[in-house]
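Hi everyone, thanks for making time this morning. Let's have the structure up on the screen, and I'll walk you through it.

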Amino acid sequence: DGKPLSAAARAALLAETGAQVFFSHELCARYFTYTDREGAAHFVLFDDAETLRQKVRLAQGLGIQTAFLMFPEISDLLPEL
């Protein structure tokens, strides 16, 4: 089960865990993995301004002309878009 993370919470988690961010070409998204203090593994998948741009370009190339984005989930990215 997933749960949403704000950009600030994601940045804090990255700083705390020292995880490295990777890019998935198949998902056109960024991700990282980490193990928490209890030993449970976690996978964090997220978009940034560049991955959203790539998804829009891909959609345009496929002839898709409309996209719906949830404002609360991308509001922090709007200045970069």
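Strand β1, residues 22–24, runs antiparallel to β2, and 3 bridges join the two. Do keep in mind that this is a predicted model. If you want one pair to look for, F22 has Y31 of β2 as its bridge partner. The two strands make a hairpin with 4 residues between them, and in that turn C28 has a positive phi of about 55°.

Now follow β2 onward. β2 is also antiparallel to β3, this time with 6 bridges. Y31 turns up again here, with L45 as its bridge partner in β3. These strands form a hairpin too, with 5 residues between them, and the turn holds G39, whose positive phi is about 90°.

So what fills the core? The largest nonpolar core has 7 residues: L13, L14, A19, F32, Y34, V44 and F46. At least two of them come from each of α1 (7–17), β2 (29–35) and β3. L13 is a nice place to zoom in: beyond its neighbours within four places in sequence, L13 is in contact with L5, F32, Y34 and V44.

Last stop, just past β3. Where does D48 lie? You'll find D48 in the loop between β3 (41–46) and α2 (49–61). Is D48 buried or exposed? Its relative accessible area is 18%, and the cut-off for buried is under 20%, so D48 counts as buried. Its side chain reaches the backbone nitrogen of E50 at 3.2 Å. Setting aside neighbours within four places in sequence, D48 is in contact with R30 and L77.

That's my tour, and I'm happy to go back to any view.

Technical notes:
Residues are numbered from 1 along each chain as its sequence is written. This is a predicted model: local features need pLDDT of at least 70, side-chain atom pairs count only at pLDDT 80 or more; totals for chains, interfaces and linings use all residues. Side-chain values use heavy atoms; hydrogens and water are left out. Buried means under 20% relative accessible area, exposed over 50%, partly exposed in between (1.4 Å probe, protein chains only). A polar contact is a pair of N or O atoms within 3.5 Å; within protein, one must be able to donate a hydrogen and the other to accept it, and residues adjacent in sequence count only if both atoms are side-chain atoms. Contact means heavy atoms within 4.5 Å. A nonpolar core is a set of buried Ala, Val, Leu, Ile, Met, Phe, Trp, Tyr and Cys residues joined through side-chain atoms within 4.5 Å. Two strands pair if DSSP finds at least two bridges between them.
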